[in-house]
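The following exercises are to be worked through with the sequence and coordinates at hand. Each task is followed by a stepwise solution.

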Amino acid sequence: MIREECFALSDELRNLFREFHRNPELSFEEFETARKISLYLQDLGYNVTEGVGRTGLTARIEGNQSGPNIAIRADIDGLPIQEETGLSYASSADGKMHACGHDVHITCALGAARLLAGLKDNLKGSVTMIFQPAEELNRGAKEMIKEGVLETNGIDMIFGLHNHPEIPVGKVALKEGPLMAAVDRIDITITGKGGHGGLPHRDIDPIVATASMIMNLQTIVSRNINPLDSAVISLGTIHGGTRNNIIPDKVELTGTVRTFAPEVRNSIEEKIRRVVENTAATLQCKGELTYIYEIPPVINQALPKGIVERAIEAVVDKEAIAEPTPSTGGEDFSLFQEKVPGCFFWLGVGNPEIGAVHPWHSPKFKIDERALAIGAGVLANTALIAMEELKD
Ligand code: NI
């Protein structure tokens with residue numbers, strides 16, 4: 001098991017992290033990022049495949065003995081945000097920033113790759129590092145899976161982490177079951193019959209129907225979902241009309257739906273459709289719903305969760321394990337978990353003393369760099385324990 005070895009890498013990991021932090025690239029534009037990752041891993045003796053899922057890559061290492069194939073996934077994209085941290089290694093790219101800490105994930109995965117390369121002769125199986133592009137668009141995992149990344153490498157189990165600024169550095173938050181929500185999209189069109197605003201009796205007003213519909217949609221969560229389950233329906237855009245005195249023909253709404261339990265997710269489309277169609281019909285309009293299933297919830301199974309638990313104990317101790325409060329944010333890591341068992345967990349990077357308190361996607365987002373060695377060590381041990389655990 002790895003313990004001191006990961007902390008011995010602290011300086012190298014800090015330098016790597018700062019290099020990636022200084023040079024963020026947006027989703028599906030991670031060319032330089034991928035090139036640096038590729039060079040680093042080739043140096044370590046990994047078998048690298050570039051251009052997987054457009055700008056992603058995989059790197060594989062095999063031990064002398066055959067055995068289970070374990071994957072470690074890290075997302076690599078930055079965000080279109082102007083950095084305001086004032087750090088000496090702040091982004092040098094105007095309007096771009098690693099504001100979700102995917103530079104942390106790259107660094108932890110590279111650190112784990114170095115630790116595992118040092119144990120190559122003793123590995124009882126293979127490890128595939130998956131560097132995924134475009135997580136922020138919910139599209140990178142989809143692309144990689146479509147290209148057969150799991151089948152090509154025969155992956156048996158997959159692991160990944162996300163930094164978390166609300167969890168103190170030194171802690172790692174881990175749980176079985178749902179951790180992050182399913183993310184779905186709704187597009188709604190309410191069609192009436194446009195005309196003069198002063199003569200509404202000759203028209204069919206989709207604006208008034210929309211007003212009712214918005215309020216009725218909010219009764220789904222409060223009246224139709226079991227209070228012990230959870231769901232969110234948020235409308236983000238309303239578009240309709242051209243002038244103050246013209247009743248328009250139609251109004252268009254878009255929104256996001258978040259759920260955890262599969263039975264809630266599977267039933268909420270029908271509940272939304274009922275409200276959309278019937279509210280519109282009551283007011284003589286036509287309501288149409290397009291429900292788009294984007295990404296499933298992150299749900300951790302017991303076996304891979306237990307493996308990460310032992311890895312955390314090996315690197316830090318039992319007390320380092322924190323119980324996370326699930327987030328209604330989404331993560332496309334869940335698409336890998338739909339195909340193979342896996343566990344996703346949160347690495348604490350918060351520290352109020354250095355201002356590492358700002359949430360993901362904030363221009364002031366900052367982390368405590370001491371988390372890097374812990375993340376690398378936990379990922380490396382996770383792969384080692386998984387190979388041991390899954391061998392038949
Ligand atoms: Ni993120």
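**Exercise 1. Contacts and overall form**

What share of the contacts in the chain with a separation of 6 or more comes from residues 24 or more positions apart? Then characterise the overall form of the chain.

Solution. The model is a predicted one.
Step 1. Of the contacts with a separation of 6 or more, 81% are made by residues 24 or more positions apart.
Step 2. The secondary structure of the chain consists of 11 helices and 16 strands. The radius of gyration is 24 Å, close to the 21 Å that the globule rule gives for 392 residues, so the chain is as compact as a globular protein of that length.
Step 3. The C-alpha trace spans about 80 × 50 × 40 Å along its principal axes.

**Exercise 2. Interior and surface**

Determine what percentage of the residues is buried and describe the exposed area and the charges.

Solution.
Step 1. A residue is buried when its relative accessible area is under 20%; by this criterion, 54% of the 392 residues qualify.
Step 2. The exposed area of the chain amounts to about 16,700 Å², of which carbon and sulfur atoms supply 49%.
Step 3. The chain carries 38 positive and 54 negative charges, and the mean positions of these two sets are 4 Å apart.

**Exercise 3. The largest nonpolar core**

Which residues have the most contacts inside the largest nonpolar core, and which helix gives the most to it?

Solution.
Step 1. The largest nonpolar core contains 73 residues, and those with the most contacts inside it are I37, L41, Y46, L110, L116, M129 and F131.
Step 2. Helix α11, residues 371-390, gives the most to this core, contributing 13 residues.
Step 3. Take L110 as a case: leaving aside residues up to four places away in sequence, L110 touches L16, F20, I37, Y40, L41 and F131.

**Exercise 4. Positive phi values**

Locate R54 and Q284 in the chain and classify the accessibility of each.

Solution.
Step 1. As background, most residues other than glycine have a negative phi.
Step 2. R54 has a positive phi, near 70°, and lies in the loop between β1 (47-52) and β2 (56-62). Because its relative accessibility is 45%, R54 counts as partly exposed.
Step 3. Q284 also has a positive phi, near 70°, and is found in the loop between α8 (262-282) and β13 (286-295). The relative accessibility of Q284 is 62%, so Q284 counts as exposed.
Step 4. The cut-off that decides the second classification is 50%, over which a residue is exposed.

Technical notes:
Residues numbered from 1 in each chain as written. Predicted model: local features only at pLDDT ≥ 70, side-chain atom pairs only at ≥ 80, totals over all residues. Heavy atoms only, no water. Core = buried A, V, L, I, M, F, W, Y, C linked by side-chain atoms within 4.5 Å. Buried < 20%, exposed > 50% of the residue type's maximum accessible area, 1.4 Å probe, protein only. Helix = DSSP H or I, 4+ residues; strand = E, 2+ residues; numbered from the N terminus. Contact = heavy atoms within 4.5 Å. Rg over C-alpha atoms; globule rule 2.2 N^0.38 Å. Areas by Shrake-Rupley, 256 points an atom, 1.4 Å probe, with all protein chains shown as cover. Lys, Arg positive; Asp, Glu negative; His and termini not counted. Charge placed at Lys NZ, Arg CZ, Asp CG, Glu CD.
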